[in-house]
Amino acid sequence: MPLTPLDIHNKEFNKGFRGYDEDEVNEFLDQVIKDYEMIIREKKELESRVTELTEKLGHFTNIEDTLNKSIIIAQEAAEEVKRNAQKESKLIIKEAEKNADRIINESLAKSRKIAMEIEELKKQSKVFRTRFQMLIEAQLDLLKNDDWDHLLEYEVEPIFGETEESKS
């Protein structure tokens, strides 16, 4: 058990034949008591400070652990968000490709239909042109026919009983 300042103060020394100077020893002991008391006070203050700092360290360690856990949770959440975004982007791309294929197929079908309609219109225009040409040629043949010349040879009799004599 360590000495206390009271133990030092109450310590009695035996007196010998040629011993030390009692006043000098007492002065030295008083100085030792003061220094020892001061060291004990400082030790208690330091122990109190160590306890306080240990508590703060524990608090900060708890905060650090909480922050580390939060960081891990945030990283896991970020990874989950990233995975979900990648899945969603793949789905969007797949849907876009599907829509693009559908649009292309519809466009090709419309293009084929229009091409067929164009071919049909070409055929109809050839038929129309041929028929029209035949009609015009038939009309020209009628105009070139000699029957027109015979019509000019006919004399027309006056109508309403008019005669040449009455005209004069």
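This report describes a predicted model of one protein chain, moving from its overall form to its charged and nonpolar side chains.

## Overall form

The chain contains four helices and zero strands, and when it is read along the sequence its elements follow the pattern α-α-α-α. The radius of gyration is 65 Å, whereas the globule rule gives 15 Å for 168 residues, so the chain is more spread out than a compact globule. The extent of the C-alpha trace fits into this description, since along its principal axes the trace spans about 210 × 40 × 25 Å.

Two of the helices are named again below, namely α1, which covers residues 5-10, and α2, which covers residues 22-144.

## Surface and burial

How many of the residues, as a percentage, count as buried? Of the 168 residues in the chain, 2% fall into that class. The chain exposes about 16600 Å² in total, and carbon and sulfur atoms supply 59% of this area.

Leu-29 is a residue to look at here, because its relative accessible area of 15% is under the 20% that marks a buried residue. Leu-29 has its place in helix α2, and its C-alpha atom is separated by 7.1 Å from that of Ile-8, although the two residues are 21 apart along the chain.

Ile-104 also belongs to helix α2, but at 46% relative accessibility Ile-104 counts as partly exposed. The C-alpha atoms of Ile-104 and Lys-94, which are 10 residues apart along the chain, are separated by 15 Å.

## Charges and a negative patch

Counting charged side chains, one finds 27 that are positive and 39 that are negative, and the centres of these two sets lie 7 Å apart.

Some of the negative side chains form a patch on the surface, made up of Asp-21, Asp-23, Glu-24, Glu-27 and Asp-30. Asp-21, one of these residues, lies in the loop between α1 and α2, and with a relative accessible area of 46% Asp-21 is partly exposed.

## Salt bridges along helix α2

Side chains of opposite charge can pair when their charged atoms come close. In this model the count comes to six salt bridges, and three of the pairs are described here in turn.

In the pair formed by Lys-43 and Glu-47, the closest N and O atoms are 3.1 Å apart. What separates these two residues within helix α2? Lys-43 and Glu-47 are four residues apart in that helix, so about one helical turn lies between them. Lys-43 counts as partly exposed at 49% relative accessibility, and Glu-47, with a relative accessible area of 41%, is partly exposed as well.

The pair of Glu-52 and Lys-56 has its closest N and O atoms 3.8 Å apart. Here too the residues are four apart in helix α2, so about one helical turn separates Glu-52 from Lys-56. Glu-52 is partly exposed, with a relative accessible area of 34%, and Lys-56 counts as partly exposed at 42% relative accessibility. This pair also belongs to a wider arrangement, in which Arg-49, Glu-52 and Lys-56 are linked in a network of salt bridges.

Further along the sequence, the side chains of Arg-102 and Glu-106 meet in a salt bridge, with a distance of 3.2 Å from N to O. Arg-102 and Glu-106 are four residues apart in helix α2, so they are separated by about one helical turn. Arg-102 is partly exposed, with a relative accessible area of 41%, and Glu-106 is partly exposed, with a relative accessible area of 38%.

## A nonpolar patch

Which residues form a nonpolar patch on the surface? The patch consists of Phe-128, Phe-132, Leu-135, Ile-136, Leu-140 and Leu-143, and together these residues have about 600 Å² of accessible area.

Leu-143, one of the residues in this patch, has its place in helix α2. At 56% relative accessibility Leu-143 counts as exposed, because that value is over the 50% at which the exposed class begins.

Key:
Residues are numbered from 1 along each chain as its sequence is written. This is a predicted model: local features need pLDDT of at least 70, side-chain atom pairs count only at pLDDT 80 or more; totals for chains, interfaces and linings use all residues. Side-chain values use heavy atoms; hydrogens and water are left out. The radius of gyration is taken over C-alpha atoms; the globule rule is 2.2 Å times the number of residues to the power 0.38. Buried means under 20% relative accessible area, exposed over 50%, partly exposed in between (1.4 Å probe, protein chains only). Accessible areas come from the Shrake-Rupley method with a 1.4 Å probe; for residues, only the protein chains shown count as cover. Lys and Arg count as positive and Asp and Glu as negative; His and the chain ends are not counted. The place of a charge is taken as NZ of Lys, CZ of Arg, CG of Asp or CD of Glu. Patches are made of residues with over 30% relative accessible area and no salt bridge: like charges are joined within 9 Å, nonpolar side chains (Val, Leu, Ile, Met, Phe, Trp, Tyr) within 5 Å. A salt bridge is a side-chain nitrogen of Lys or Arg within 4 Å of a carboxyl oxygen of Asp or Glu.
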